[in-house]
Amino acid sequence: MFGKLLKNDLKAQWHSVSIILLCIAIICIVGEIFATFTKNNILSAVAGMGVFFVLVFASFVMVIAVSMLFSKTVFGRAGYLTLTLPAKTRDLVWSKTVSGLIWIFSVFSLMIGSMFLLVYQVDQRFGKEIEAAADLLSLFGAPSFSVVFVIVAIFTTIFAVLILLTVQCIYLGITLSNVSPISKLGNFGAVIISFVGIWAIYTLSNAIGDFLPMGVVLTETKVMVTTDFANTIHTLGDQVIFKQNLTGVILSLAGALLLNIPITSLIKNKVNIK
């Protein structure tokens, strides 16, 4: 049943998100064609960066679009049809969640791809200058570009988790804004609850992470994932180039996924369909 729900949600949402995706495609294709074929190296790099920042902005636009679709199809006029389907409320909520995340992370993946493409284009046009800069930076103890690549990958993962947490908190805010007496606050209540939820889960997760640290430690030659975070950092000393406590990130991910429980319960038992 979940598979059928997901398939139908993707089809229904496509009519709304296709316009956004078309605009993104046109801008990105034009930008990348210009970046590839222009003879001016500086303009090529600027065009590549422009495509990347457009996709960053588009990722946030898609979050808003998906949130509006969730509100419309669950609590708007279409909500009567949605909630009377012969399916479990849990499956309905997960279908809305997964379908929304598919669209969001589709754009997010394009953003990451554009970042790597930008790095490749810059390397092709400024390869010698980059090697010289890397050698110069290494003299001052700066990390190599390979280490920077790993750091970027870590922060990309963290950003992806934050997007998931944001979407789930928005869904919770929208759901609670349709439950009395919070429904009297309307959209304002949904916004406040969303921000409070993001802040609460993120802060609590990081606070627990400080007591139970587990993370990644980088040196010039090693990438270590360790549960003995503090001792590893102390042992390596000055060899440590970068460290990131991942406990908070993992707990934020768990918290985001667990939010489907109260969302499902509220939709099933408490919501007021408009």
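How do the residues of the lining of the largest pocket divide into nonpolar, polar and charged? Keep that in mind as you open this predicted model; the tour begins at the pocket.

**Stop 1: the largest pocket**

Select Ile64, Ser67, Ile170, Ile174 and Ser194. Of the 24 residues that line the largest pocket, these are the closest to its centre. The volume of this pocket is about 540 Å³. Now for the opening question: the lining divides into 14 nonpolar, 8 polar and 2 charged residues.

Next, colour three helices: H2 (41–75), H5 (145–176) and H6, each of which supplies at least two residues of the lining. H2 gives the most, with 8 residues.

**Stop 2: helix H6**

Stay with H6 and select residues 186–211. If you set a distance between the C-alpha atoms at its two ends, you should find 38 Å. That agrees with expectation, because 26 residues at 1.5 Å a residue should also span 38 Å.

Now show the side of H6 that is hidden from solvent. Gly186, Gly189, Ala190, Ile193, Ser194, Gly197, Ile201, Ser205 and Gly209 are buried. As you look along the list, it helps to recall that an α-helix has 3.6 residues a turn, so residues three or four places apart point the same way. Ser194 is worth a second click: this buried residue of H6 is also among the residues closest to the centre of the largest pocket.

**Stop 3: Ala35 and Ala45**

Move to helix H1, residues 2–37, and pick Ala35 there. Is Ala35 buried or exposed? Its relative accessibility is 1%, and because buried means under 20%, Ala35 counts as buried. Then add Ala45 to the selection. The two residues are 10 apart in sequence, and their C-alpha atoms are 6.8 Å apart in space.

**Stop 4: the sheet**

Finally, select the three strands E1 (residues 215–218), E2 (223–226) and E3 (242–245). They form an open sheet with the order E2-E1-E3 and antiparallel pairing. E2 and E3 stand at the edges with a single partner strand each, so one side of each has no neighbour in the sheet. On average, neighbouring strands are turned by 15° against each other, direction ignored.

To follow the pairing, start from E1. It is joined to E2 by 4 bridges, and Val217 stands opposite Met224 in E2. E1 is joined to E3 by 4 bridges as well; here, Gly215 stands opposite Asn245 in E3. Showing backbone atoms is useful at this stop, since strands of a sheet pair through backbone hydrogen bonds.

Notes:
Residues numbered from 1 in each chain as written. Predicted model: local features only at pLDDT ≥ 70, side-chain atom pairs only at ≥ 80, totals over all residues. Heavy atoms only, no water. Expected span 1.5 Å × (residues − 1). Buried < 20%, exposed > 50% of the residue type's maximum accessible area, 1.4 Å probe, protein only. Pairing = 2+ DSSP bridges. Axes fitted to C-alpha atoms, helices over the stretch in contact; angles between N-to-C directions. 1 Å grid on protein atoms, 1.4 Å probe; cavity = no way out; pocket = protein on both sides within 12 Å on 5 of 7 lines; lining within 4 Å. Points joined across faces, edges and corners; volume = space filled by probe spheres on them. Nonpolar A, V, L, I, M, F, W, Y, C, P; charged D, E, K, R; others polar.
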